[in-house]
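Reader: I am new to this structure and would like to know what stands behind the words used for it. Please take me through them one at a time.

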Amino acid sequence: MQVELAEDASVSQVNLIDPDGELHSRAGVSTGATQVSLRLSDDWGFSSGGYTPGTYRLIAVDGENSVEEVELEIRPDVSITEIRWAKNHPEMTYQGEDPPSYFAQVLMENTGTGPAFVEELQFEDTPLDVTTIRDVSQQILRLVPPAATVGQMTSRIYKTYSGSQYLDCDDHDEITFTISASLRVSQENPSYSQRVRYETDENGSCVLSLVESTGSGDGTSEGEEA
């Protein structure tokens, strides 16, 4: 967390107080400095990472005296805004190259005031899910800063085969799949739903297309024909 100080402020230290009223972190202020950094979380990449969402207090201190205090609401608000299918989005790239047509990109937006850490994506009734084991998941460990949108690539949605097992489109008509995200610092599980039509072409191959569907949870779905 970056804290800006007035150029003429007489401040020797800035304290960050957590929602429980405990000292969360502190930073000394060098002479003439107008910016200090405060720790909001431990290393996000490990299980100790995270913070408690809520109302924090920033207290500027000069010696033993409090100079100024500001309240901050630090809370993530994440939604899955879109699932992009490489088949319909030729502009998509993966590691600098064109991804296979079954790749997808899950877009996660944080409109809150605090960072979010998405630990896992959970898949239910996706085309790949239908061919193999139900309710699969993918560990991702992605930081979504406030006022930012992060895209996560995945091959676990529109793929129609797993090993030697192929999806038989004749066994299905239309199925709605749901993608949910598990967050480390929030009990919310934003989700997004999309309806898929299953058809078989003249060669007997399975063909998927997107149809109009409704959002689920915090997500919305923009239905379209492929």
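**What the words rest on**

Author: Sorted by class, the residues lining the largest pocket are 11 nonpolar, three charged and no polar. The model is predicted.

Reader: Which residues lie nearest the centre of the largest pocket, and how many line it?

Author: The lining of the largest pocket has 14 residues, and nearest the centre are Glu4, Leu5, Ala60, Glu68 and Val70. Two or more lining residues come from each of β1 (2-4), β5 (54-62) and β6 (65-74). Strand β6 gives the largest share, four residues. The volume of this pocket is about 200 Å³.

Reader: Why is Glu4 counted as charged and Leu5 as nonpolar?

Author: The class follows from the residue type: Glu is on the charged list and Leu is on the nonpolar list.

Reader: How do you know that a disulfide joins Cys169 to Cys206?

Author: The cut-off for two cysteine sulfur atoms is 2.5 Å. In Cys169 and Cys206 the S to S distance is 1.7 Å, which is within 2.5 Å, so the pair counts as a disulfide. A search of the whole structure finds one disulfide.

Reader: What does the pair of Cys169 and Cys206 tie together?

Author: Cys169 is in the loop between β13 (165-166) and β14 (174-183), and Cys206 is in strand β16, so the pair ties together parts 37 residues apart in sequence.

Reader: Why is Cys169 called buried, and why is Cys206 called partly exposed?

Author: Buried means under 20% relative accessible area, and exposed means over 50%. Cys169 has 4% relative accessibility, so the word is buried. Cys206 has 22%, so the word is partly exposed.

Reader: What makes β15 and β16 a pair of strands?

Author: Pairing needs at least two bridges. Six bridges join β15 (residues 191-200) to β16 (residues 206-211), so the two count as paired, and they run antiparallel. One bridge partner is known by name: Glu199 is matched with Val207 in β16. The two strands form a hairpin with five residues between them, and in the turn Gly204 has a positive phi of about 85 degrees.

Reader: Is Val207 buried or partly exposed?

Author: The relative accessible area of Val207 is 28%, so Val207 is partly exposed. From Val207 to Thr160 the C-alpha to C-alpha distance is 9.0 Å, with their positions 47 residues apart in sequence.

Reader: How do you know that β9 is paired with β10 and with β14?

Author: The same test of at least two bridges applies. Strand β9 (residues 116-124) has six bridges to β10 (residues 137-144), and six bridges join β9 to β14. Both pairings are antiparallel. Phe117 stands opposite Leu143 in β10, while Gln122 stands opposite Ser180 in β14.

Reader: Why is a positive phi pointed out for Asp125 and Leu141?

Author: The reason is that most residues other than glycine have a negative phi. Asp125 is not a glycine, yet its phi is positive, about 65 degrees. Leu141 also has a positive phi, near 55 degrees. Asp125 lies in the loop between β9 and α1 (127-131), whereas Leu141 lies in strand β10. Asp125 has 22% relative accessibility and so counts as partly exposed. Leu141 has a relative accessible area of 41%, so Leu141 is partly exposed.

Reader: How many aromatic pairs are there, and why is the pair of Trp85 and Tyr158 called stacked?

Author: There are six aromatic pairs. In the pair of Trp85 and Tyr158 the ring centres are 4.2 Å apart and the planes stand at 20 degrees, so the pair is stacked. The cut-offs are 6.5 Å for the centres and under 30 degrees for the planes. Trp85 belongs to strand β7 (residues 78-85) and Tyr158 to the loop between β11 (148-154) and β12 (161-162), 73 residues apart. Both residues are buried.

Reader: What makes the pair of Tyr94 and Phe103 tilted?

Author: Planes under 30 degrees apart are stacked and over 60 edge-to-face, with the rest tilted. Tyr94 and Phe103 have 55 degrees between the planes and 5.2 Å from centre to centre, so by this rule the pair is tilted. Tyr94 is partly exposed at 33% relative accessible area, and Phe103 is buried at 11%. Both belong to one aromatic cluster, with Tyr102, Tyr161 and Tyr166.

Definitions and conventions: Residues numbered from 1 in each chain as written. Predicted model: local features only at pLDDT ≥ 70, side-chain atom pairs only at ≥ 80, totals over all residues. Heavy atoms only, no water. Buried < 20%, exposed > 50% of the residue type's maximum accessible area, 1.4 Å probe, protein only. 1 Å grid on protein atoms, 1.4 Å probe; cavity = no way out; pocket = protein on both sides within 12 Å on 5 of 7 lines; lining within 4 Å. Points joined across faces, edges and corners; volume = space filled by probe spheres on them.
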